[in-house]
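Welcome, and thanks for taking a look at this chain with me. Please bring up the sequence and the model, and we will walk through them together.

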Amino acid sequence: VIPPTFQRLRSAGEEMERFHAGFAVIEVDYKMGYIDSAGNVVIPPRFAWAHEFTEGLAAATTDYLHDKWGYINRSGEWAIPPEFDSASPFSEGLARVSRDGMCVYIDRNGTEVLRPDSGGATDCAVVAGDFSNGLARWKVDDQYGYIDKKGGLVISPAFDLTFGFSE
């Protein structure tokens with residue numbers, strides 16, 4: 001049992017309240033870091049916001065309003081330097097990020113590998129989803145469909161709202 005010594009995460013979703021890959025996000029004095037399953041601080045709180053670890057990396061920023069997002073490794077070092085306006089967790093080897101007002105997907109090296117046409121929409125949280133079973137939701141005009149990892153529409157946009165696939 002880990003004794004209660006950390007603050008509740010600000011606006012934390014259910015995903016962030018669990019351990020992922022052996023680490024859990026903590027918050028101390030409005031800075032986020034990580035603990036292991038024994039309660040040891042493994043990455044001291046120094047981030048304004050940090051996501052859970054997926055595929056060995058976690059999206060993080062040191063200044064939520066003015067700084068760029070990047071990805072840290074399990075040692076807390078920048079594996080992909082902060083250069084994105086927003087960043088999401090990795091899924092199936094890709095992460096969706098916003099760069100210069102465009103929603104794109106990057107690989108684990110930070111290389112842009114997919115830039116589907118978003119019709120001018122700039123909010124990645126609204127336009128795109130994480131890959132699951134090889135597909136990600138993608139908004140075209142006012143409807144959602146699904147793209148594959150090459151950016152091709154696999155399921156035509158015909159839905160008001162969609163979510164990721166799961167078992």
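Does Glu 92 count as buried, partly exposed or exposed? At 30% relative accessibility, Glu 92 counts as partly exposed; buried means under 20% relative accessible area, exposed over 50%, and partly exposed in between, with a 1.4 Å probe and protein chains only.

## About the model

This is a predicted model, in which local features need pLDDT of at least 70 and side-chain atom pairs count only at pLDDT 80 or more, while totals for chains, interfaces and linings use all residues. Residues are numbered from 1 along each chain as its sequence is written, and side-chain values use heavy atoms, with hydrogens and water left out.

## The chain as a whole

The chain has one helix and 14 strands. Both kinds of element are DSSP runs numbered from the N terminus, helices being H or I with at least four residues and strands being E with at least two. Of its 167 residues, 42% count as buried.

The exposed area of the chain is about 8900 Å², and carbon and sulfur atoms supply 51% of it; accessible areas come from the Shrake-Rupley method with a 1.4 Å probe, and for residues only the protein chains shown count as cover. Turning to contacts (heavy atoms within 4.5 Å), residues 24 or more positions apart account for 28% of those in the chain with a separation of 6 or more.

## The four-stranded sheet

Four strands make an open sheet in the order S8-S9-S10-S11, with antiparallel pairing. Its edge strands are S8 (86-87) and S11 (112-114), each of which pairs on one side only. Two strands pair if DSSP finds at least two bridges between them. Strand S10 (residues 102-106) and S11 are joined in the antiparallel sense over two bridges, and Ile 106 has Glu 112 in S11 as its bridge partner.

Glu 92 belongs to this part of the tour, as its place is in the loop between S8 and strand S9 (95-99). Its phi is near 55°, a positive value in a residue other than glycine.

## The three-stranded sheet

A further open sheet follows the order S12-S13-S14, with antiparallel pairing. Strand S12 (136-140) and strand S14 (153-159) stand at the edges with a single partner strand each, so one side of each is left without a neighbour in the sheet. The twist averages 30° from one strand to the next; here axes are lines fitted to C-alpha atoms, for helices over the stretch in contact, and angles run from 0 to 180 degrees between N-to-C directions.

S12 and strand S13 (residues 143-147) pair over five bridges in the antiparallel sense. Val 140 has Gln 143 in S13 as its bridge partner.

## A hairpin and a buried threonine

Strand S6 (residues 69-72) and strand S7 (residues 78-84) pair in the antiparallel sense over three bridges, with Ile 72 opposite Trp 78 in S7. Their hairpin has five residues between the strands, and Gly 76 takes a positive phi near 85° there.

Trp 78 also appears in the surroundings of Thr 61, a residue of strand S5 (residues 58-61). Thr 61 is buried, with a relative accessible area of 0%. Leaving aside neighbours within four places in sequence, Thr 61 is in contact with Phe 47, Ala 48, Trp 49, Asp 67, Lys 68, Trp 69 and Trp 78.

## An exposed loop residue

Asp 29 is in the loop between strand S1 (23-28) and strand S2 (31-36). Its phi is near 50°, a positive value in a residue other than glycine. Asp 29 counts as exposed, at 60% relative accessibility.
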